[in-house]
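Q: Please take a close look at the aromatic pairing in this protein, and set it within the fold as a whole.

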Amino acid sequence: MADQPEETGRIVVGVDGSEPSDRALRWAVRQAELTGAAVVAVIAWEYPTYHGARGWFPPGITDEAELAGRARQEVDRAVRRAVGEEPPVEVRTEARYGTPAGALVEAARGADLLVVGSRGLGGFAGMLLGSVAQHCTRHAGVPVVVVRDGGT
């Protein structure tokens with residue numbers, strides 16, 4: 001039997017450009033250093049919806065490639081900002097179409113761990129736990145770590 005490369009674990013972390021997601025990413029990288037896992041930083045994107053006097057109308061940007069490209073740029077920027085140009089572990093990035101909560105639960109299938117910030121860009125500043133973090137803790141099929149403010 002030929003030597004197979006040892007498969008490392010996978011830690012999925014939600015990224016949205018907010019400081020709480022940066023903290024979650026830093027936490028995930030430190031955990032990966034301890035466990036030998038790879039980190040997969042995931043950002044979600046959707047077609048923006050607009051509402052006017054006549055109801056819903058299509059967004060000005062309808063090019064899927066452009067929207068996905070913007071999301072990929074943002075997740076790459078977030079990784080550089082949070083853990084630098086040369087992270088101490090393997091960090092891959094993904095831009096997935098869908099709601100943030102749904103994209104993270106799907107991306108975490110088969111992972112060792114899902115890491116999210118306690119709140120992201122949406123919602124209310126006073127909330128202890130944002131809707132994405134709540135959804136992930138209820139629906140992910142893997143352990144979920146919620147990194148709270150000050151959890152760097």
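A: In this predicted model, the protein has four helices and seven strands, and, read from the N terminus, these elements follow the order β-α-β-β-β-α-β-α-β-α-β. Of the 152 residues, 37% count as buried, while the protein exposes about 9000 Å², of which carbon and sulfur atoms supply 50%. Among contacts between residues at least 6 apart in sequence, 72% join residues at least 24 apart.

Against that background, the structure holds one aromatic pair. The ring centres of W45 and Y97 are 4.8 Å apart and the ring planes stand at 70°, so the pair is edge-to-face, given that planes over 60 degrees apart are counted that way. The pair links distant parts of the chain, since W45 belongs to strand 2 (residues 38-45) and Y97 to strand 5 (residues 91-97), with their positions 52 residues apart in sequence. For W45, the relative accessible area is 8%, so this residue counts as buried, the cut-off being under 20%.

A second buried position can be described alongside the pair. D22 is found in helix 1 (residues 19-35), and its relative accessible area is 3%, so D22 is likewise buried. When its neighbours within four places in sequence are left aside, D22 is in contact with A78, R81 and A82.

Terms used: Residues numbered from 1 in each chain as written. Predicted model: local features only at pLDDT ≥ 70, side-chain atom pairs only at ≥ 80, totals over all residues. Heavy atoms only, no water. Phe/Tyr/Trp six-rings, centres within 6.5 Å; stacked < 30°, edge-to-face > 60°. Helix = DSSP H or I, 4+ residues; strand = E, 2+ residues; numbered from the N terminus. Buried < 20%, exposed > 50% of the residue type's maximum accessible area, 1.4 Å probe, protein only. Contact = heavy atoms within 4.5 Å. Areas by Shrake-Rupley, 256 points an atom, 1.4 Å probe, with all protein chains shown as cover.
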